[in-house]
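Work through the exercises below with the sequence and the 3D view side by side. Try each task before reading its solution.

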Amino acid sequence: MSELLHRLGLSKSVGFHDVYSIDDPDLLAFVPRPAYALLLVFPVSDTYERFRQSEDQEKTEYEGSGPEEPVMWFKQTIRNACGLMGLLHGVSNGPVKEFIAPNSELSEFLQQATPLKPVARANLLYDSHAFESAHQSAAAKGDSAAPAAEENVDLHYVCFVKSLDDNLWELDGRRKGPLKRGRLGPEEDVLSEKALSLGVKSFLKREEEAGGGELRFSLIALAQSFE
């Protein structure tokens, strides 16, 4: 994951870290703080799909654009690209943008995307040779090939970020727009107890109460690198 964004222009002083526990302070301490973004990776369940459809039912399609947006959100139109969307959402919001090299492919892409509405942004990403090349290169260095668009993949990525006005946002390209989950304190990041309660733990509670069997998920945080 870090490799893809580094190729596009994110500083190597920032990278992704596995989060081994959200309840054990000793394990949580292995993640550098502050954490700029948190990716929740999970198999799509019937419980999640019912919740998503119910929550989106009364919402209108998001049409925001421009530098005054509280967060930058990308609508997903590419099948099996939710991992890429999660990475893009993580690096497009909050103070981590300061670690993007000027005039890099990532910097230029975000500059082009900022004034566009969601459909135009999605088209910009779809047509981006830089992202396609970086994605394929990063996949080739991994343990397995990237899934083809026509394959059925049940894993989904949701990104949580803290906006510059101290709100926690859930960013998922399959939804109708960005979702504000609640207010955070100035010193609270996406791995703070309040952020976890508003985001990841809320998701886990729904799944557990539904009794859908084994609860499988993983968490990846974007933060300063150890090097």
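The exercises that follow go from one helix to the cores, the surface, the salt bridges and the backbone.

The model is predicted, so local features need pLDDT of at least 70 and side-chain atom pairs count only at pLDDT 80 or more, while totals for chains, interfaces and linings use all residues. Residues are numbered from 1 along each chain as its sequence is written, and side-chain values use heavy atoms, with hydrogens and water left out.

**Exercise 1. Check the span of helix α3 and find what its buried residues pack against.**

Step 1. Helices (H or I, at least four residues) and strands (E, at least two) are DSSP runs, numbered from the N terminus. The expected span of a helix is 1.5 Å times one less than its number of residues.

Step 2. Helix α3 covers residues 46-57, which is 12 residues, so it should span 16 Å. Its end C-alpha atoms are 16 Å apart, in agreement with the expected value.

Step 3. Buried means under 20% relative accessible area, exposed over 50%, and partly exposed in between (1.4 Å probe, protein chains only). In α3 the buried residues are Thr47, Tyr48, Glu49, Arg52 and Asp56.

Step 4. The buried residues of α3 pack against β2 (37-43), β3 (155-162) and α9 (200-210).

Step 5. Take Thr47 as an example: its relative accessible area is 16%, so it is buried. Contact means heavy atoms within 4.5 Å. Leaving out residues up to four places away in sequence, Thr47 touches Arg206, Glu207 and Ala210.

**Exercise 2. Describe the nonpolar cores and place Phe131 and Ala221 in their surroundings.**

Step 1. A nonpolar core is a set of buried Ala, Val, Leu, Ile, Met, Phe, Trp, Tyr and Cys residues joined through side-chain atoms within 4.5 Å. In soluble globular proteins, nonpolar side chains tend to be buried together.

Step 2. The largest core has 37 residues, and those with the most contacts inside it are Leu10, Phe74, Leu106, Phe109, Leu110 and Phe131. Helix α4 (residues 82-91) gives the most to this core, with 6 residues.

Step 3. Not counting neighbours within four places in sequence, Phe131 is in contact with Leu8, Leu84, Leu88, Leu106, Phe109 and Leu125.

Step 4. Another core, of 22 residues, lies apart from the largest one; Leu28, Phe203, Leu219 and Ala221 are among its residues.

Step 5. Ala221 sits in strand β6 (residues 218-224). Its relative accessibility is 0%, so Ala221 counts as buried. Beyond four places in sequence, the residues it touches include Phe16, Val19, Val31, Leu38 and Leu191. Ala221 and Pro32 are 189 residues apart in sequence, yet their C-alpha atoms are 9.0 Å apart in space.

**Exercise 3. Which residues make the nonpolar surface patch of about 350 Å²?**

Step 1. Patches are made of residues with over 30% relative accessible area and no salt bridge: like charges are joined within 9 Å, nonpolar side chains (Val, Leu, Ile, Met, Phe, Trp, Tyr) within 5 Å. Accessible areas come from the Shrake-Rupley method with a 1.4 Å probe, and for residues only the protein chains shown count as cover.

Step 2. The patch is made by Tyr20, Leu27 and Phe30.

Step 3. Tyr20 is in the loop between β1 (14-19) and α2 (25-28). At 58% relative accessibility, Tyr20 counts as exposed.

**Exercise 4. Sort three salt bridges by where their partners lie.**

Step 1. A salt bridge is a side-chain nitrogen of Lys or Arg within 4 Å of a carboxyl oxygen of Asp or Glu. The whole structure has 13 of them.

Step 2. Arg52 pairs with Glu49, with the closest N and O atoms 2.8 Å apart. The two are 3 residues apart in helix α3, so about one helical turn separates them. Both are buried.

Step 3. Arg181 and Glu170 meet at 2.9 Å, N to O. This pair links distant parts of the chain: Arg181 is in strand β5 (residues 179-183) and Glu170 in strand β4 (residues 167-171), 11 residues apart.

Step 4. Glu193 pairs with Lys201 at 3.0 Å between the closest N and O atoms. Glu193 is partly exposed at 48%, and Lys201 is partly exposed at 22%. Salt bridges with shared partners also join Glu55, Asp56, Glu170, Arg175 and Arg181 into one network.

**Exercise 5. Where is the cis peptide bond, and what is the phi of Asn103?**

Step 1. The bond from Arg33 to Pro34 is cis, with omega near 5°. Pro34 lies in the loop between α2 and β2.

Step 2. Asn103 is not a glycine, but its phi is positive, near 65°. Asn103 is in the loop between α4 and α5 (105-113).
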